[in-house]
Amino acid sequence: MERIEVNVGKEDPIIIETGELALFASGSVVVKQGGTAVLATVCLGETPSEALDFTPLSVDYREQSSAWGKIPGGFIKREGKPTDREILVSRVVDRTLRPLFPDGFNYEVVVTVLTLSADEKYDPDVLSIIGGGAALTISPIPFHGPCGALRIGLVDGTFVPNPTYEERQRSELDLIVSFREGSVIMVEGGGKEVPEEKVVSAIFYALKVGEPLISAQKELAQRLNRKKLEELIKPFDEVFYKRLKELSEKKVELALSISDKLERRKALQEVFEEVSQSIEPELQVLSQYYFKKLVSETMRRKLFETGLRIDGRRPEDIREIKIDLHPFERPHGSAIFSRGQTQVYATVTLGSREEAQLVETIFEGETFKRFMLHYNFPPFCTGDARPWGPPRRREIGHGALAERAIEPFIPPEEEFPYIIRVVANVLSSNGSSSMATVCASSLALFDAGVPLPKHVAGVAMGLVRQDERDIILTDILGDEDQLGDMDFKVAGTYDGITSLQMDLKVKGITEEILISALERAKLARFAILDKMYSACPKPRPELSPYAPLIEIVQVPEEKAPLIIGPGGKTVKDIRERTNTVIWVLEGGKVSITGKTKEDLEAAKREIFALVAEVEVGKTYIGKVVRIEPYGLFVEILPGKVGLLHVSKMENPPRDLKSFFKIGDEIKVRVLEIDELGRPKLTTFDLDEYEGPVY
């Protein structure tokens, strides 16, 4: 077994081991920190894929409850389909590794990461990125590694590498940074309105602190000395590319001058089909790869020659913005946000506590999620004729990115006792749909009357690199994302960044480019926020008439079980009588949901009556529960029955049983409470009473 320890500024070093587990894999490592350990394996396919324009990489991250010493909740005690968290971790691993495969390498590569052990300090996600990169670095698979990753927190003004769960709760920043020697590869995370300069400092702090991770993997690879299979890389065919260029370059340039996305795509397809007729059948698959490369090169050349983009904008320009607030009646809040040809329709639904999402996480157990943002990318938004299936990894990732941007401003349950679900449907997509989702969702929340203190906006930045020259693009188009070198999404407020995500196709970017990209993103974000505040300056003062009414009341914590009752019978009865939904929360808080204010007030009266104490001298309206010749037994509060003796009645009838019936209401005053806690009642000197009737 080979073993290397790396110190990254924590008391617990990162340990990389190989040579004992998963020996049939092309490469495998165990990465540990503290009591957390992951097994990362990589396997190489036997035959090349027909596709040449991307590496057919698959990444699967899997958590098992046993790693935390737990058994899964629910009826099925076996792990099932990947959870959203597993998908999100798989994505950050994938986005780190994908740009590091060499051009022309098109064999299938499968990276699998399994959590073996997990403590209450360190998250396995960053160790999974390190493991995936290390497994590829020591394997025979061609790979431009090694690479590393660190999570950076900002606790009490100080950067903390790989913060523990406890430190993350106090951190203003939660950033995952992936890097190779000397340059950043991928960034994912968010913060509490963190200034741009702090984000840049955090990213390059990770780069510096993480240098030992790169050195350690180099040393490990040298010890193992496995020869890389360079022969699997298909060499670039200059002769064929030159031939394709001569046949189609002018036509491609003409097609790229079309500003409409669908028309441009159609024109490029026609050019390719025309060129394909002049190419031998055995080279058809190859021609697709080289044609895409030609389109990218032509777009870059035009940009550097003219300073103008595909749609005629300058690099720093934002597309035209249109906002349609509350376009449809029944959603509790809604907005359509359009930026150029990208259009997102977001709706807000407000619900009661029982509609919260029950989330089971390995390290937190079962928790209720109050705020949900779901991003949908139906096929029609790109003009594709195919059925709309279940959410894909990309949709889950973009939804999490947008949710993270807005979540810091969701009011606490004590101030706004609603479960909030945002659904963002991309109606048409031509780049930056996830950031349009942030804008549309913020507007829809304001429209719904959710008391957010600020609007949140987002913009996607791009990069085009050619011959050591770089141009940063603001508010990128779909083609600029596909054909360019960077997709850098930044969301936040006037006061700072709340969410960001960066993906690269080049091998890394410098600090200077990153600073410039964030500064331009800030200017663009401010311009977008100006438009949003102009359309909707503050949350609506009242909720939609279609939204449920919810109120949280406080009762003595020790008396909260009285509301639930044996087996939940009491709370169930109150729900049925008052047509409400009632949840007894921690700390003596009770959430009441109803359709009308009258239902809400009725439920409140019953709840307060359950926990109320009988007060001497106070007047009550009670119910007769028993009739005797000497007096009436009256229930003045739930379970609180007192005797109204005939001697304490004003004008008592001769025969109580002929005058009163069980269930009759009667107004009484408490004279005293005897040594056994039983109220003594009277009908003399009654006061006004506005409390519950029993």
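This passage walks through the overall build of the chain, its nonpolar cores and two of its helices. The model is predicted.

Starting with the whole chain, the secondary structure comprises 16 helices and 29 strands, and the C-alpha trace spans about 120 × 60 × 45 Å along its principal axes. Of the 694 residues, 53% count as buried. The accessible surface comes to about 31,900 Å², with 51% of that area belonging to carbon and sulfur atoms. Contacts often reach across the sequence: among those between residues at least 6 apart, 69% join residues at least 24 apart. As for charge, there are 90 positive and 109 negative side chains, and the centres of the two sets lie 2 Å apart.

Turning to the interior, the largest nonpolar core holds 156 residues, of which Ile420 and Phe488 touch the most other members. Helix H10 gives the most to this core, with ten residues. A second, separate core has 17 residues, including Tyr620, Leu632, Val634 and Leu644. Beyond its sequence neighbours within four places, Ile420 is in contact with Val348, Thr349, Leu350, Arg370, Phe371, Met372, Ile410, Leu445 and Val450.

Helix H10 covers residues 433-448 and contains Ser434. Ser434 counts as buried because its relative accessibility is 1%, under the 20% cut-off. Apart from residues up to four places away in sequence, Ser434 touches Tyr375, His398, Leu401, Ala402 and Lys489.

Helix H12, residues 511-535, has 25 residues and reaches 36 Å from its first C-alpha to its last, close to the 36 Å expected. Its buried residues are Ile513, Leu514, Ala517, Leu518, Ala521, Ala524, Arg525, Ile528, Leu529 and Met532. In an α-helix there are 3.6 residues a turn, so residues three or four places apart point the same way.

Methods:
Residues numbered from 1 in each chain as written. Predicted model: local features only at pLDDT ≥ 70, side-chain atom pairs only at ≥ 80, totals over all residues. Heavy atoms only, no water. Helix = DSSP H or I, 4+ residues; strand = E, 2+ residues; numbered from the N terminus. Buried < 20%, exposed > 50% of the residue type's maximum accessible area, 1.4 Å probe, protein only. Contact = heavy atoms within 4.5 Å. Expected span 1.5 Å × (residues − 1). Core = buried A, V, L, I, M, F, W, Y, C linked by side-chain atoms within 4.5 Å. Areas by Shrake-Rupley, 256 points an atom, 1.4 Å probe, with all protein chains shown as cover. Lys, Arg positive; Asp, Glu negative; His and termini not counted. Charge placed at Lys NZ, Arg CZ, Asp CG, Glu CD.
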